[in-house]
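Here is a friendly walk through one protein model, taken a few elements at a time. Keep the structure open beside the text as you read.

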Amino acid sequence: MWFKNLQIYRLPTPWAIDLAKLDEQLNRGTFARCASHEPISRGWVSPRKDAGLIYANNRQWLIALAVEQRLLPSSVVNDEVRERAEKLTEEQGYAPGRKALRELKERVTEELMPRAFTRKRTTFVWIDPQNGWFVVDAGSQGKAEEVIEHLRFCLDDFPLQPLHTQLSPQSAMADWLAGGEAPHGFTIDRDCELKAVGEEKSAVRYVRHPLGDEVHAEIKAHLAAGKLPTKLALTWDDRISFVLGEKMEVKRLAFLDLLKEEAEKNAEHADEQFDADFALMTGELTRFLPVLIEALGGEKVEAAASPAQPGGGAVPPWEA
């Protein structure tokens with residue numbers, strides 16, 4: 001149970017919902033396998049395979065969204081539509097029109113859907129209700145939004161807000177690279193990406209490359225020419241390495257081996273190992289996130305968001 005990516009959001013501190021109420025509302029949207037006619041199905045599953053929808057440890061919560069999707073490549077559908085359209089042309093003496101082709105494609109998709117293979121993935125979410133952290137282990141914002149959308153369907157009230165800092169990650173990373181030094185407690189590692197803001201979007205990448213004096217001069221020249229950093233590899237406190245992105249996303253998160261060894265010391269079976277991993281991971285992240293935000297100038301508090309729409313009894317947007 002070690003997150004590899006962080007999409008970071010904010011909840012009120014503390015978030016005034018108890019565990020029983022959250023569990024009750026999550027049960028409005030539990031996972032069910034894709035029916036034969038459905039292209040996709042989403043729902044909550046047990047994070048630890050023990051039948052509970054919320055795993056709780058030391059006032060830290062973990063939930064998991066399962067997504068099952070039928071894999072029906074458009075090329076397969078288009079080939080079948082083409083064959084049937086050619087046959088229709090021969091039978092009726094003229095080619096089907098746009099409306100007929102559209103209806104044919106819909107019919108072919110409906111017929112092929114039950115025979116399509118399915119793929120299932122699970123996205124984990126860490127919730128710290130006392131400190132107001134809502135963190136999705138997702139490599140893209142789209143997958144995080146998928147989780148948030150399903151929560152808005154299930155919960156009566158979900159006062160989630162994006163995280164904003166006084167300095168944008170892009171401007172902060174530019175300052176660090178220009179000065180050749182990361183903020184206190186951080187070190188700059190060997191990966192960096194800079195992109196131009198013009199139409200061409202030209203990019204320069206350093207991969208596993210020491211960003212020493214010679215490269216530092218090159219990077220300063222790229223910054224002076226108008227390129228801006230979009231990714232920068234960093235290490236915090238010799239305990240966590242990661243890549244910071246321009247949209248505040250944290251990727252390639254790695255807890256150093258010493259931490260994992262610490263979690264393994266007293267674990268005798270899988271459940272104990274899960275408990276130890278989760279406790280250590282959340283403990284480290286609870287320390288790490290405020291320091292990262294401080295390095296970006298501190299948190300920018302936004303105006304209160306409008307209340308979330310009630311979810312009970314609503315039709316999920318993917319079924320509308």
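## Strands S10, S11 and S12

S10 and S11 run antiparallel and are joined by six bridges. Strands are runs of E in DSSP with at least two residues, helices are runs of H or I with at least four, and both are numbered from the N terminus. Two strands are said to pair if DSSP finds at least two bridges between them.

Before going on, a word on the source: this is a predicted model, in which local features need pLDDT of at least 70 and side-chain atom pairs count only at pLDDT 80 or more, while totals for chains, interfaces and linings use all residues. Residues are numbered from 1 along each chain as its sequence is written, and side-chain values use heavy atoms, with hydrogens and water left out.

Back at the strands, lysine 231 has glycine 245 in S11 as its bridge partner. S10 and S11 form a hairpin with three residues between them. On its other pairing, S11 meets strand S12 (residues 250-255) in the antiparallel sense, over four bridges. Here valine 243 has lysine 251 in S12 as its bridge partner. The hairpin of S11 and S12 has four residues between the strands.

How many residues of S11 are buried? Six of the six are, so S11 is largely enclosed by the rest of the structure. Buried means under 20% relative accessible area, exposed means over 50%, and partly exposed is in between, with a 1.4 Å probe and protein chains only. Both faces of S11 are covered: Ile240, Phe242 and Leu244 are buried on one side, and Ser241, Val243 and Gly245 on the other.

## Backbone points to check

Most residues other than glycine have a negative phi, and most peptide bonds are trans. The residues below have a positive phi.

| Residue | Phi | Place |
|---|---|---|
| Glycine 180 | about 70 degrees | just after H5 |
| Arginine 208 | about 50 degrees | loop between strand S9 (203-206) and H6 |
| Aspartate 237 | about 55 degrees | turn of the hairpin of S10 and S11 |
| Methionine 248 | near 75 degrees | hairpin of S11 and S12 |

Arginine 208 is exposed, with a relative accessible area of 60%. Aspartate 237 is partly exposed, at 36%. There is also a cis peptide bond, from threonine 13 to proline 14, with omega near -5 degrees. Proline 14 is in the loop between S1 and helix H1 (19-26).

## Strands S2 and S4

Strand S2 (residues 40-45) is mostly covered, with six of its six residues buried. S2 runs antiparallel to strand S4 (residues 60-71), and six bridges join them. Across this pairing, isoleucine 40 stands opposite glutamine 69 in S4.

Isoleucine 63 is found in S4. Is isoleucine 63 buried or exposed? Isoleucine 63 counts as buried because its relative accessibility is 1%. Leaving aside neighbours within four places in sequence, isoleucine 63 is in contact (heavy atoms within 4.5 Å) with several residues, among them Leu26, Trp44, Pro47, Phe124 and Leu151.

## Helices H5 and H8

In helix H5 (residues 169-179), the buried residues are Pro169, Gln170, Ala172, Met173, Ala174, Trp176 and Leu177. What covers them includes strand S8 (186-195), helix H6 (213-224), S10, S11 and H8.

Threonine 282 lies in helix H8 (residues 270-295) and is buried, with a relative accessible area of 4%. The side chain of threonine 282 reaches the backbone oxygen of phenylalanine 278 at 2.8 Å. Not counting residues up to four places away in sequence, threonine 282 touches Gln60 and Trp126.

## The largest pocket

The largest pocket has a volume of about 300 Å³. Of the 16 residues that line the largest pocket, the closest to its centre are Gln7, Gln141, Lys247, Met248 and Glu249. A pocket, on a 1 Å grid over the protein atoms alone, is an open set of points where a 1.4 Å probe fits, with protein on both sides within 12 Å along at least five of seven lines; lining residues have an atom within 4 Å of a point. Strand S1 (residues 7-10) gives the most to this lining, with three residues.

Notes
A polar contact is a pair of N or O atoms within 3.5 Å; within protein, one must be able to donate a hydrogen and the other to accept it, and residues adjacent in sequence count only if both atoms are side-chain atoms. Grid points are joined across faces, edges and corners, and a volume is the space filled by probe spheres set on the points.
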